[in-house]
There are 2 protein chains.
Amino acid sequence: MQTQVQTLKGFRDFLPKEKRIREFVKHSIVKTFEEFGFEPIETPTLEYASLLLGKYGDEADKLVYSFKDKGDREIALRYDQTVPTTRVLAQYQNELPKFFRRYQIQSVFRADKPQKGRYREFTQCDCDIFGTSSPVADAELLAVYAQVYKNLGITSLKILINDRETLFNNFKEFTTESLSVFSILQSIDKLDKLPKEVVLKELQDKGLSADNAQAVLDRMANAEMSESLKTIIDNAVALGADRNTFVFTPNLVRGLDYYTGMIFEGKIEASAGGSVGGGGRYDNLVYDLSGLKTAAAGFGIGFDRTVEAMEELGLIPDTIVEGTKVLVSLFGNEDLKNKSLNLAKILRQNGIKTEVYPELEKLGKQFKLADQKKIPFVVVIGENEDKENKILLKEMLSGEQKLMSLVELLTVLKIS
Amino acid sequence: MQTQVQTLKGFRDFLPKEKRIREFVKHSIVKTFEEFGFEPIETPTLEYASLLLGKYGDEADKLVYSFKDKGDREIALRYDQTVPTTRVLAQYQNELPKFFRRYQIQSVFRADKPQKGRYREFTQCDCDIFGTSSPVADAELLAVYAQVYKNLGITSLKILINDRETLFNNFKEFTTESLSVFSILQSIDKLDKLPKEVVLKELQDKGLSADNAQAVLDRMANAEMSESLKTIIDNAVALGADRNTFVFTPNLVRGLDYYTGMIFEGKIEASAGGSVGGGGRYDNLVYDLSGLKTAAAGFGIGFDRTVEAMEELGLIPDTIVEGTKVLVSLFGNEDLKNKSLNLAKILRQNGIKTEVYPELEKLGKQFKLADQKKIPFVVVIGENEDKENKILLKEMLSGEQKLMSLVELLTVLKIS
């Protein structure tokens, strides 16, 4: 078999700079999640296929990576984090606390058509609260979602919000035996992108009379926030979210048919990327999946789009991308080499990120490596330095060189 | 299809306590890697199967999770981190610096028989230095490996060390057309676990004369460290490793046939778990895999066994496992509820991990949740507290309750 020296389409490598940026964003998100009292869990990459299939709808089922393992079990790769968590809820129901609040940050896999910003392996950041249908839980989720973006320095987040229950109640009367509420909602959802007339026609194609199709649109245009949605937003504001972050969006439906109450979607206005995830209340899903009666609400953050927005908006501090600080050069004989190795030891003991040039080569070559790797400092212990019990420090950017004692060196490197 | 409410054999969930312990250990390892100037990379979970198959030996090939995706590509799950990294080296050869030093911490997948301490998805922590065969690079790897365990507080680490080149040179003369050096080494490797006589017999079964089989064992018994191995250890000691960590082990072979020089294996003496990974020099592998001529050396840390050893040795600080610090109770009317939500906002703004009880229930029930979740403090704003503009703080362990101002509350919670 010939070796393929390339990544599969839709999959990515992260080289050091990009990986550091991702870790920076992830740590900020984790810190916010923890401040809101969410606790981390992790589930395996592989699950029984029967756990995942039939849970996300027919279209989604096609996107699940599933296969037979060598023990002839049908297994599948994590498609989202909600379904595996419902398994956790059922499997550990005697261990988990009431009002379990968990976060989970892992890769998910979807055999989707790769395109700009859409990958086959990507990271999701989920928060969910189980065991209560209180509006305070919904508000906590909205508040932590808003706070994540505030803490990342993204000020232009809008949260489009709606209420699945109100949607259902508004349009139930238009359903027929062959036309479900969900089908009506799917058409309404398109009002964002398509002209009214096209949506009207689609509703008629689905079996509604012209009058009823118009009535659906009228009802939409005059929709008002339900009292329960108002309470949720009031509570979220009390918990720290800015009121003007929320945009009541009566035609917001969201794809997944398991939502039962509040639904929302985050958009970064200043970024072209648009939607950065969302969520809502799904009080029946845990029961449907696992037989455990547990109310639930939660959201998923689109991690990759959030990272892209941060980069686009210039919100990644330079210091994050900084790697190694000092290159210890190797010079002259075995004795000098040992002194240089010892210096590396001391620098590292002082928490300074240090690389040792591995070979005895001309100093010019060693400086060149520092240049290439953007390491800001090089230290040299040569014969002269050693005689004076000093160390030569070269600052690569200015080219400046200075002889100094070890104590001076540590001071300079720690403050710069 | 019936839903399976269980994890696949050999796969694990990590609930909050265990997940926090793993993150603690991981952060310590990352900090050490970074201090030694290693840079993080990440590769996809899935690769072309042709990249992975035929690289680890016939036995290992059977353990690779591979399957056909919907585009009829043969794909496979990450089996180790070395082979994907050699792909990265070839694919990005114009971007990567000389003496590329990378670390990588991800899951790998092996369809092995699950047993105690052996999982089908487990975490590896790898460090490698590419582009040099200098003994300083070998020494850097030994030094960082030793420092990882020092920083974790594990003092009983031993590094069994040997030299593949010396092994080959010592036993080359015993090879025949049907008996490879590697086959002889495989028998030698068993001297740890089997009586001499059994190994002697095995060597004879493989085609050696009784005299030659005995000569192999004699040569082993009298083996001495090569000069190059001595230099490597000297350099590692200069870089900070303790000399008595190293144990010259002439019958150490290590399974993978791609090693070409120094090889080593870490053992935690105080822990039953034994081996916690290892590595060595493999100067031909990158060329064999990718056609790129690059010397290389590196190691993998057995993350799961290291975590288990930390737990066994009582090295996980209690503070790491600590989750949420305060439960904000909900009390009385809407106005009081809003004040409580506001208090949660302020606590979180001060970096205090805070959960809000989501429902209006009897205080006793709310205290009970704090007990169950081991949250050390509960705050209450009831009518009386509100009148006095105070907050009631209950410390769950002592049961003590105290009225205080917001400023006092923040002080108490920040220092406790």
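**Exercise 1. Find the hairpin formed by β15(B) and β16(B), and work out how its strands pair.**

Start with the connection: β15(B) and β16(B) make a hairpin, with five residues between the two strands. This is a predicted model, so treat what follows as a reading of a prediction. Look in the turn for Gly399(B), whose phi is positive, at about 80 degrees. Next, check the pairing. β15 covers residues 391–395 of chain B and β16 covers residues 401–404, and four bridges join them in the antiparallel sense. To fix the register, take Leu393(B): its bridge partner in β16(B) is Lys402(B).

**Exercise 2. Which strands stand at the edges of the open sheet in chain A?**

Begin with the strand order. Three strands form this open sheet, running β2-β4-β3, and the pairing is antiparallel. β2 (46–48) and β3 (66–68) of chain A each have a single partner strand, so they are the edges, and one side of each lacks a neighbour in the sheet. On average, neighbouring strands here are turned by 35 degrees against each other, direction ignored.

Now zoom in on one pair. β3(A) and β4 (residues 74–77) of chain A share three bridges. One contact to look up is Lys68(A), which has Glu74(A) in β4(A) as its bridge partner. As background, strands of a sheet pair through backbone hydrogen bonds, either parallel or antiparallel.

**Exercise 3. Trace the eight-strand sheet of chain B and say what packs on it.**

First, write down the order: β1-β5-β6-β11-β10-β9-β7-β8, an open sheet with mixed pairing. Then find the ends. β1 (39–40) and β8 (246–248) of chain B each have a single partner strand, so each has one side without a neighbour in the sheet. At the β1 end, two bridges join β1(B) to β5 (residues 101–109) of chain B, and these strands run parallel. Glu39(B) has Arg102(B) in β5(B) as its bridge partner. Finally, add the helix: α10 (residues 227–238) of chain B packs on the sheet and touches β7 (157–163), β8 and β9 (262–268) of that chain. The direction of α10 makes about 150 degrees with that of β7(B).

**Exercise 4. Describe the interface between chain A and chain B, starting from its contacts.**

Count residues to begin: 99 residues of chain A are in contact with 99 residues of chain B. Between them the chains bury about 8800 Å², with 58% of that on carbon and sulfur atoms. On the chain A side, Leu8(A), Glu42(A) and Arg348(A) lose the most area to chain B, together 8% of what that side buries.

Next come the polar terms. There are 40 residue pairs in polar contact between the chains, and 14 salt bridges. The side of chain A that touches chain B divides into 43 nonpolar, 24 polar and 32 charged residues.

**Exercise 5. Which residues of chain B does Arg20(A) reach by salt bridges?**

Take the partners one by one. The side chain of Arg20(A) meets that of Glu34(B) in a salt bridge at 2.8 Å, N to O. Arg20(A) also forms one with Glu39(B), where the closest N and O atoms are 3.4 Å apart. To place this second pair, go from helix α1 (residues 16–35) of chain A, which holds Arg20(A), across to strand β1 of chain B, which holds Glu39(B). For scale, the count over all chains is 68 salt bridges.

Notes
Residues numbered from 1 in each chain as written. Chains lettered and ligands numbered in written order. Predicted model: local features only at pLDDT ≥ 70, side-chain atom pairs only at ≥ 80, totals over all residues. Heavy atoms only, no water. Pairing = 2+ DSSP bridges. Axes fitted to C-alpha atoms, helices over the stretch in contact; angles between N-to-C directions. Contact = heavy atoms within 4.5 Å. Buried area = accessible area lost by both parts, 1.4 Å probe. Salt bridge = Lys/Arg side-chain N within 4 Å of Asp/Glu carboxyl O. Polar contact = N/O pair within 3.5 Å; in protein donor to acceptor, adjacent residues only side chain to side chain. Nonpolar A, V, L, I, M, F, W, Y, C, P; charged D, E, K, R; others polar.
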